[in-house]
Amino acid sequence: MELPHRTGRPQNGLPVVHSTVNVQTGLNKPPVPHIPKALDGYPIYHRTSINSWEDVEFRKAVDDPGRKKLIMTALWTEACLTFPAFNPLAEGYEVYVRVDAVGGTSVAAHDAALRRVEQAGAVQLFCGLQREWKRSETVPAFMSPHRNGRHAWDPVLLRPQRIE
């Protein structure tokens, strides 16, 4: 899933598969309002399994004969990211994890989970989608969390921090 910027739609034209876990059962709360708003028009796949890769509807949404690269984000690094990262790696996908779009229940859990997925073959991404300043159509959204005193998300503790 490509993380949408607060300006709205995902900025790089990548396909997005958005899923939740245990929201429909009432055990978990829905995503924070700006995520579904930014992903308006994309279906939400509700599931009960922690490992999204084990959910049939999620897999149908991801499976595309020409797609072999996945960029993954999640709520908890040690569960919601780690488990579903291992399966596609074993099936020959290239998996990239957005370390700035996932957090752990603790710094130690987050760091350990990132080491596990990297050891399994995933590549950690941080600001890796911009790559080129000539891609001027995506520069404003890329820069918005980092400039003008706006808030960005602390990737480990999932709390806002002030960027100076």
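Visitor: What makes the reach of α3 close to the expected 20 Å?

Guide: This is a predicted model, and in it α3 has 14 residues and reaches 19 Å from its first C-alpha to its last. The expected span is 1.5 Å times one less than the number of residues, and for α3 that comes to 20 Å, close to what the model shows.

Visitor: Why is α3 called largely enclosed by the rest of the structure?

Guide: Buried means under 20% relative accessible area, and 10 of the 14 residues of α3 are buried, so the helix counts as largely enclosed. Among them are Cys80, Leu81, Pro84 and Leu89. As for what surrounds them, the buried residues of α3 pack against β3, β4 and α4.

Visitor: How do you know that α3 and α4 are roughly parallel to each other?

Guide: The axes of α3 (residues 77–90) and α4 (residues 107–120) cross at roughly 0° and come within 9 Å. Angles under 35 degrees count as roughly parallel, and therefore α3 and α4 get that description.

Visitor: Which residues meet where α3 packs on α4?

Guide: From α3 they include Leu81, Ala85, Phe86 and Leu89, and from α4 they include Ala113, Leu114 and Val117. By class, the contact has 9 nonpolar, 3 polar and 2 charged residues.

Visitor: And what follows α3?

Guide: That's glycine 92, with a positive phi near 95°.

Visitor: What makes β3 and β5 edge strands?

Guide: Start with the sheet: it is open, has 3 strands in the order β3-β4-β5, and the pairing is parallel. β3 (69–72) and β5 (123–125) each pair on one side only, and that is what puts them at the edges. The twist averages 25° from one strand to the next.

Visitor: How do you know that β3 and β4 pair?

Guide: Two strands pair if there are at least two bridges between them, and β3 and β4 (residues 94–98) have 4 bridges, in the parallel sense. Lysine 69 stands opposite glutamate 94 in β4, for example.

Visitor: Why is threonine 20 called buried?

Guide: Its relative accessible area is 5%, and the cut-off is under 20%, so the label fits. Threonine 20 is in strand β1 (residues 18–21). Leaving aside neighbours within four places in sequence, threonine 20 is in contact with Pro31, Ile44, Tyr45, His46 and Arg47.

Visitor: Why does proline 36 count as partly exposed?

Guide: Partly exposed lies between under 20% and over 50%, and proline 36 has 30% relative accessibility, so it falls in that class. Proline 36 is found in helix α1 (residues 34–38). The C-alpha atoms of proline 36 and histidine 18 are separated by 8.8 Å, with the two 18 residues apart along the chain.

Definitions and conventions
Residues numbered from 1 in each chain as written. Predicted model: local features only at pLDDT ≥ 70, side-chain atom pairs only at ≥ 80, totals over all residues. Heavy atoms only, no water. Helix = DSSP H or I, 4+ residues; strand = E, 2+ residues; numbered from the N terminus. Buried < 20%, exposed > 50% of the residue type's maximum accessible area, 1.4 Å probe, protein only. Contact = heavy atoms within 4.5 Å. Axes fitted to C-alpha atoms, helices over the stretch in contact; angles between N-to-C directions. Parallel < 35°, antiparallel > 145°, perpendicular 65-115°, else oblique. Nonpolar A, V, L, I, M, F, W, Y, C, P; charged D, E, K, R; others polar.
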